[in-house]
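Dear colleague,

Please find the structure below, together with its sequence. A short account of what was found in it follows.

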Amino acid sequence: MAVFPEHRLSIMTLGVQDRAALTAFYEDVVGFRNVGPEGMTLFDMGGFLLGLWEEDKLAKDAGLPHNRAGDFKGVALAYNARSIEEVDDMFARLKAAGVTITTAPHKAFWGGYSGYFADPEGNAWEIAFNPFWTLDEAGRVVLPSAEDV
């Protein structure tokens, strides 16, 4: 018996040091709209939410120790673009806004095209074009059915 009755992600919450500054970054630079209640930032990501919450509060809520160590947090968020040109355009706009580009867009080893940027607290974002996947009208990844594989 599966624990999760449905395969889906509802909210991904990043534990952050300065929620106000990151909220402003995602609103002003990236263009997301905060739909969260007072005390938490939530961005509608087309079927699930991206949350920002103070990392000490998130750790306490999760019952885990708050012990930040190292620059890389072991997670990357990803945006799948519809074309190589869209990837390049997005990176050009990020660069013009002064955002840290950690890996310039390039032909990836897996056959696609991608690059990475970091938000002001070092959270990694990949922007990629995957020629093997289809995106629906809302931009959601449509994987082939088991019969098609």
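In the classes used here, Ala, Val, Leu, Ile, Met, Phe, Trp, Tyr, Cys and Pro count as nonpolar, Asp, Glu, Lys and Arg as charged, and the others, Gly among them, as polar. By these classes, the lining of the largest pocket holds 17 nonpolar, six polar and six charged residues.

The structure is a predicted model, in which local features need pLDDT of at least 70 and side-chain atom pairs count only at pLDDT 80 or more, while totals for chains, interfaces and linings use all residues. Residues are numbered from 1 along each chain as its sequence is written, and side-chain values use heavy atoms, with hydrogens and water left out.

The chain contains three helices and nine strands (DSSP runs numbered from the N terminus; helices are H or I with at least four residues, strands E with at least two). Their order from the N terminus is β-α-β-β-α-β-α-β-β-β-β-β. Along the principal axes, the C-alpha atoms fill a box of roughly 50 × 45 × 30 Å. Of the 149 residues in the chain, 30% are buried (under 20% relative accessible area with a 1.4 Å probe, protein chains only; exposed is over 50%, and partly exposed lies in between).

Pockets were sought on a 1 Å grid over the protein atoms alone: a pocket is an open set of points where a 1.4 Å probe fits, with protein on both sides within 12 Å along at least five of seven lines, and lining residues have an atom within 4 Å of a point. A volume is the space filled by probe spheres set on the points, which are joined across faces, edges and corners.

The largest pocket encloses about 920 Å³. Its lining comprises 29 residues, and Met45, Phe48, Ala78, Gly139 and Arg140 are the closest to its centre. Strands S4 (76-80) and S7 (124-129) each supply at least two lining residues, with S4 giving the largest share, four residues.

The second largest pocket holds about 430 Å³. It is lined by 18 residues, with Gly15, Glu55, Leu58, Arg68 and Lys73 nearest its centre. Strand S1 (11-16) and helix H2 (55-62) are the elements that give two or more residues to this lining, and the largest share, four residues, comes from H2. The lining divides into nine nonpolar, six polar and three charged residues.

Finally, Leu143 lies in the segment after strand S9 (141-142) and is exposed, with a relative accessible area of 55%.

Yours sincerely
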